Protein chains: 2
Amino acid sequence: MEEQNKKILLVEDDPNFGTVLKDYLTMNDYDVVHAKNGMEGFEKFKKDDYDLCILDVMMPYKDGFTLAKEIREKNTDVPIVFLTAKAMKEDVLKGYKVGADDYLNKPFDSEVLLMKIKAIIQRKATETISDSKQFEFKIGSFDLNSKLRFLRHEGGDPVKLSPKENELLRLLALHENDLMPRELALTKIWRDDNYFTSRSMDVYIAKLRKYLKLDPKVEILNIHGEGFRLVVNA
Amino acid sequence: MEEQNKKILLVEDDPNFGTVLKDYLTMNDYDVVHAKNGMEGFEKFKKDDYDLCILDVMMPYKDGFTLAKEIREKNTDVPIVFLTAKAMKEDVLKGYKVGADDYLNKPFDSEVLLMKIKAIIQRKATETISDSKQFEFKIGSFDLNSKLRFLRHEGGDPVKLSPKENELLRLLALHENDLMPRELALTKIWRDDNYFTSRSMDVYIAKLRKYLKLDPKVEILNIHGEGFRLVVNA
DNA sequence: CATTTTTGTTAATGTAAGGTTAAAAGGCAA
DNA sequence: TTGCCTTTTAACCTTACATTAACAAAAATG
């Protein structure tokens, strides 16, 4: 199965340049959201999680530095890279002050850009390794570790889960005792909602039920036409 | 206790430029060792520990890239910055491949240089808090000394590890019982993530497993599509 | 009740990732 | 240069995974 693409927020007011850059990054397997100005950029930033922000410095209404400051208030970790037409010393210094990770002068070589992006995202990734709490779930007498992808029953031998099994069970656990809409799983895990992915999901539900049989209090119920519900009975 | 100045190795063959730069950095509280060519640079590097290496690319006898490669073999962590007269695309790419942390085009603004140096050293410092300084590991009934590159089982004869074996086992040990992402090892140790480096890594995993067989409680597990996990069972 | 739609389950298939060993290539020192 | 050690590449094999097909059973529909 394919790996999740890295998400980039690109804020650039020049429509030509912005579009070209977006296409180029998209071609290189990044998911790019393109905002045309600082305001829009901040709105989009709040709505999603990004692996990298590329901000043009010179923009009407709200310049890149101001935007960067706002972003930093919401998120101290996301890497920020500035784009600027010319290497003004003050700008560069100001950029680093706001917490920039790098600086690119237009015009720049696209391969160099790619290399830098890769390096920056990678760097952050290794720094951020220890946020493991959100990967552990208790499901009845089971423990699910969705980072290491195993399910353990009462301290016994852990069963390895495949990526899809793991993601699906994790989604169910996140909605424990509540409805997990079929459509949600399909768009989140399969990223496509059609007859075949839907059947595929049913196959995985069956697999999970088999694993969970060890604890009769735990079951996955179907809500016809709606989705599934992971329930843990008292 | 007062703080120790950061040590910089400057390798630059132009005597004028080199001296000016050295003086400037010294004025700004760095301890600078100035080598006049690649050979000398490598000698000085071996004799001491540095917080940063600044290497000119164009040098007689031994260019900056070659020197960087030698340095990387001795030390995978020390930050390296290249100096170059003009931004040749191939050079830049080559630099990043050898593990460069940044790139400076001559002539450059001295304040910008200082800012970058500070940022790079700082970055390494925070990265290094968790992993670097650690060279001795207890892995089940094994002792790994990754500075001297040997692995000993219960005080028996130590086995010499090759550089790659050593780095890989050290990375695994740093993440003991946790996931060590495949991609992390490839970018950290091989500095490139492609089919061949990935297969090469698998070969090394096999070698390590052979060494570790002496203690059945110690195993390297694979998490399909994610990476490896060094586990020590109770 | 007959029919359609949705879900349950198992098995078969194709592909990708990883395991293992050996040979080739590269580096380095004697 | 030779010889030794390390690393990469290749070959072949096994396992893991996701999808699809096939058929059975529920549930909805009218």
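Reader: Which residue in the turn between β11(A) and β12(A) has a positive phi?
Author: First, the ground rules: this is a predicted model, in which local features need pLDDT of at least 70, side-chain atom pairs count only at pLDDT 80 or more, and totals for chains, interfaces and linings use all residues. Residues are numbered from 1 along each chain as its sequence is written, while chains are lettered from A and ligands numbered from 1 in the order in which they are written. The two strands make a hairpin with three residues between them (strands are DSSP runs of E, at least two residues, and helices are runs of H or I, at least four, numbered from the N terminus). In that turn, the residue with a phi of about 80 degrees is A:Gly225.

Reader: And in β12(A), what is the bridge partner of A:Asn222?
Author: β11(A) pairs with β12 (residues 227–232) of chain A in the antiparallel sense, over six bridges; strands count as paired if DSSP finds at least two bridges between them. A:Asn222 also turns up among the residues that come nearest to DNA strand C. Its partner in β12(A) is A:Phe228.

Reader: Which element gives the largest share of the surface near DNA strand C?
Author: There are 18 residues around this strand, where "near" means a C-beta atom, placed from the backbone, within 6 Å. A:Asp202, A:Ala206 and B:Asp202 are among those that come nearest. The elements giving two or more residues are α8 (195–212) of chain A and α8 (195–212) of chain B. The largest share, six residues, comes from α8(A).

Reader: How many residues around DNA strand D are charged?
Author: Of the 23 residues around DNA strand D, those that come nearest include A:Lys164, A:Ser162 and B:Phe196. In each of chains A and B, α6 (163–174) and α8 supply at least two residues apiece. Nine are nonpolar and six polar (Ala, Val, Leu, Ile, Met, Phe, Trp, Tyr, Cys and Pro count as nonpolar, Asp, Glu, Lys and Arg as charged, and the others, Gly among them, as polar). The charged ones number eight.

Reader: Within what arc do the buried residues of α8(A) fall?
Author: A:Met201, A:Leu208 and A:Leu212 are buried (20 or more other C-beta atoms within 10 Å; exposed is 12 or fewer, partly exposed in between, with C-beta atoms placed from the backbone). They line one face of the helix, because seen down its axis, going by the directions from the axis to the C-beta atoms, they fall within an arc of 35 degrees.

Reader: Which exposed residues does the face turned away from that buried side carry?
Author: The buried residues of α8(A) pack against α6, α7 (182–190) and β11 (218–223) of chain A, with contact meaning C-beta atoms, placed from the backbone, within 7 Å. On the face turned away from them sit the exposed residues A:Tyr195, A:Phe196, A:Arg199, A:Val203, A:Ala206 and A:Lys210.

Reader: Over in chain B, which strands stand at the edges of the four-stranded sheet?
Author: The sheet is open and antiparallel, in the order β6-β7-β8-β9. Inside it, four bridges join β7 (residues 142–145) to β8 (residues 150–153), with B:Asp143 opposite B:Arg152. Each edge strand has a single partner, so one side of each is left without a neighbour in the sheet: these are β6 (136–139) and β9 (159–160).

Reader: Which residue in the hairpin of β6(B) and β7(B) takes a positive phi?
Author: These strands run antiparallel, joined by four bridges, and B:Phe137 stands opposite B:Leu144. Two residues lie between the strands, and the one with a phi near 60 degrees is B:Gly140.

Key
Contact = placed C-beta atoms within 7 Å.
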